Amino acid sequence: MAGTDAEAAHLVVLGGFDLMVDGRSVQLPSGSERLLAFVALCCRAAVPRGLIAGTLWPDAPEHRAHASLRSALSRLHCVGRSALDVGPGEVRLARNVSVDLHQAKRLAHRILQGPGEETWRVSADAVEELSLDLLPGWYDDWAILQAEDWRQLRIHALERLADAFTAAGRYADAVAAAHAAIRADALRESSQSCLIRAHLAEGNPSEAMRDFARYARRLHTELGLSPTTRLRGLVPGRSALTVR
């Protein structure tokens with residue numbers, strides 16, 4: 001059964017799960033949510049029913065997993081089912097469904113691949129879009145792997161964006177982008193470097209020193225490591241800082 005083009009649907013998987021149909025949130029059973037999310041993460045590819053059943057119900061016997069898939073499809077009802085094209089042997093996302101993750105990935109790749117001047121024109125709203133975790137609180141293996149792939153991509157994009165904003169003199173946006181990258185991985189030195197460069201470019205060495213000291217303490221506490229010589233070289237007066 002094909003999804004209808006009459007109802008525009010938007011699937012949210014960043015920051016949580018939601019299905020929006022014609023601007024309204026659709027409540028779904030948890031099994032149906034997992035089904036929609038899994039198919040959505042496969043982009044526009046047709047996903048064999050056997051792969052869906054085996055991935056979403058890995059501990060169940062094959063016949064029980066297929067029964068669970070049939071149940072999840074039936075509980076979507078007509079509104080939720082319009083988000084899918086369901087065939088006898090495969091399921092795919094309907095043509096009229098947009099997915100926030102796909103849009104955010106296109107943004108991230110545009111930032112990473114585009115020339116600097118185009119990056120500078122990116123709206124500050126991009127930082128918020130790139131700050132959201134994929135399906136937070138979902139612990140299925142397939143969701144965790146996809147979430148880590150997205151985390152790595154968005155951190156690289158946020159760092160690139162922070163440096164581009166700094167070069168353009170958009171210091172508040174640069175700091176926001178660097179902070180978003182740090183929230184995704186507090187021990188990642190390249191993100192800390194972006195933040196420190198933004199502070200220094202704006203003429204705030206004290207902010208740079210405070211952030212360096214905070215990072216150095218955390219790095220020492222959690223990993224027993226010290227910042228690299230390259231990072232230390234960015235910070236004026238860093239030799240006076242001690243790790244406690």
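**Close-up 1. Cysteines in the predicted model.** In this predicted model, the number of disulfides comes to zero, where a disulfide would require a pair of cysteine sulfur atoms within 2.5 Å. Cys 42 is partly exposed, having a relative accessible area of 25%, whereas Cys 194 is buried, with a relative accessible area of 3%.

**Close-up 2. The contact of helices α2 and α3.** Helix α2, which spans residues 49-56, and helix α3, which spans residues 62-74, have axes that come within 8 Å and cross at roughly 100°; the two helices are therefore roughly perpendicular to each other. On the α2 side the contact is made by Arg 49, Gly 50, Ile 52 and Ala 53, and on the α3 side by Ala 65, His 66, Leu 69, Arg 70 and Leu 73. Sorted by character, the residues of this contact comprise five nonpolar, two polar and two charged.

**Close-up 3. The open sheet of four strands and helix α5.** The strands of this open sheet follow the order β3-β2-β1-β7, and their pairing is mixed. At the edges stand β3 (24-26) and β7 (97-99), each of which has a single partner strand, so one side of each is left without a neighbour in the sheet. Neighbouring strands are turned against each other by 30° on average, direction ignored. Helix α5, residues 100-113, packs on the sheet, where it touches β1 (9-12) and β7, and the direction of α5 makes about 55° with that of β7.

**Close-up 4. The pairing of strands β2 and β3.** Strand β2, residues 18-21, runs antiparallel to β3 and is joined to β3 by three bridges. Within this pair of strands, Met 20 stands opposite Ser 25 in β3.

Notes: Residues are numbered from 1 along each chain as its sequence is written. This is a predicted model: local features need pLDDT of at least 70, side-chain atom pairs count only at pLDDT 80 or more; totals for chains, interfaces and linings use all residues. Side-chain values use heavy atoms; hydrogens and water are left out. Axes are lines fitted to C-alpha atoms, for helices over the stretch in contact, and angles run from 0 to 180 degrees between N-to-C directions. Angles under 35 degrees count as roughly parallel, over 145 as roughly antiparallel, 65 to 115 as roughly perpendicular and the rest as oblique. Contact means heavy atoms within 4.5 Å. Ala, Val, Leu, Ile, Met, Phe, Trp, Tyr, Cys and Pro count as nonpolar, Asp, Glu, Lys and Arg as charged, and the others, Gly among them, as polar. Buried means under 20% relative accessible area, exposed over 50%, partly exposed in between (1.4 Å probe, protein chains only). Two strands pair if DSSP finds at least two bridges between them.
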